[in-house]
Amino acid sequence: MGKRRLALCAGVLAVTAFGPAACAAYAADGGDVSVVPAAPAPGADIALRVTGCDAREAVAQSPALVSDARLTPDDGDGLAGDGRVRSTLTAGTYTVTVACDGAEHKGTVEVVRKQAPAAGAEPSAHPSPVAPVNAGGGGAARVFADGRERHGPGAAQTVVALALAGTAALTVHRAARRQARRGRGTG
């Protein structure tokens, strides 16, 4: 009886605590258009999705977005794409409209006030763009894009070099001993 009561209370507590928050974090839904995260700050990247649209492509428009967002087929039965919230927006609710197959699908995005970072804190988002262009070099730009310069060999190269140096030293030592033995025997 005690285990059942504990399990029931834990389940009710989890649904009560995490249910509304999980739904709000997943999508702000004002219709067929959903926005993730539901409450972005100005300048944040968002994912847009529209359901009930049979077109191969659509465009999402909103005064909250930097530019129109191109939506293409996703894994489900809708269209999806990415957008960026204008960095100059004030907090509020903005309409997102997607024109698809002659029909208009609507949703909303609630922009929240950006919180000031703590003193001395680094910004968590990189300025756009964050990745180098894949142009020539066989993709070498990605290797060097993280900004860390690599000086000298790594641990694996050091171990191999030490093993080779040890083998060479052992070979020279054995050759010298063999020559010394031959020199004593002929003398």
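Does Lys106 count as buried, partly exposed or exposed, and at what relative accessibility? Lys106 counts as partly exposed, at 41% relative accessibility. The model in which this residue sits is predicted.

## Overall architecture

The secondary structure of the chain amounts to 3 helices and 8 strands. Read from the N terminus, the order of elements is α-β-β-β-β-β-β-β-β-α-α.

Of the 187 residues in the chain, 19% are buried. The exposed area of the chain is about 13,700 Å², with 58% of it supplied by carbon and sulfur atoms. When contacts between residues at least 6 apart in sequence are taken, 49% of them join residues at least 24 apart.

## Salt bridges

The structure contains 4 salt bridges. One of them pairs the side chains of Arg84 and Asp45, at 2.7 Å from N to O. Arg84 belongs to strand β6 (residues 78–84) and Asp45 to strand β3 (residues 45–51), so this pair ties together parts that are 39 residues apart in sequence. Arg84 is partly exposed, its relative accessible area being 29%. Asp45 also counts as partly exposed, with a relative accessibility of 48%.

Another salt bridge joins Arg70 and Glu57, whose closest N and O atoms are 2.9 Å apart. Here the pair links distant parts of the chain, 13 residues apart: Arg70 is in strand β5 (residues 69–73), and Glu57 is in the loop between β3 and β4 (58–61). Arg70 counts as exposed at 55% relative accessibility, while Glu57 counts as partly exposed at 43%.

Glu104 and Lys106 form a salt bridge as well, with 3.7 Å between the closest N and O atoms. Glu104 is exposed, with a relative accessible area of 55%, and its partner Lys106 is the partly exposed residue of the opening question, at 41%.

## Surroundings of Asp74

Asp74 is placed in the loop between β5 and β6. Its relative accessible area of 24% makes Asp74 partly exposed.

Apart from neighbours within four places in sequence, the residues in contact with Asp74 are Arg49, Leu79 and Ala80. Arg49 lies 25 residues from Asp74 along the chain, and the C-alpha atoms of the two are separated by 8.6 Å.

## Cis peptide bond

Val36 and Pro37 are joined by a cis peptide bond, for which omega is about 0°. Pro37 is located in the loop between β2 (33–36) and β3. Strand β3 (residues 45–51) is also the strand that holds Asp45, the salt-bridge partner of Arg84.

## Arginine patch

Which residues gather in a patch of positive charge on the surface? The patch is made up of Arg174, Arg177, Arg178, Arg181, Arg182 and Arg184. One of these residues, Arg181, is found in helix α3, which spans residues 155–186.

Notes. Residues numbered from 1 in each chain as written. Predicted model: local features only at pLDDT ≥ 70, side-chain atom pairs only at ≥ 80, totals over all residues. Heavy atoms only, no water. Patch = residues over 30% accessible without salt bridge, like charges linked within 9 Å, V, L, I, M, F, W, Y side chains within 5 Å. Areas by Shrake-Rupley, 256 points an atom, 1.4 Å probe, with all protein chains shown as cover. Lys, Arg positive; Asp, Glu negative; His and termini not counted. Charge placed at Lys NZ, Arg CZ, Asp CG, Glu CD. Helix = DSSP H or I, 4+ residues; strand = E, 2+ residues; numbered from the N terminus. Buried < 20%, exposed > 50% of the residue type's maximum accessible area, 1.4 Å probe, protein only. Contact = heavy atoms within 4.5 Å.
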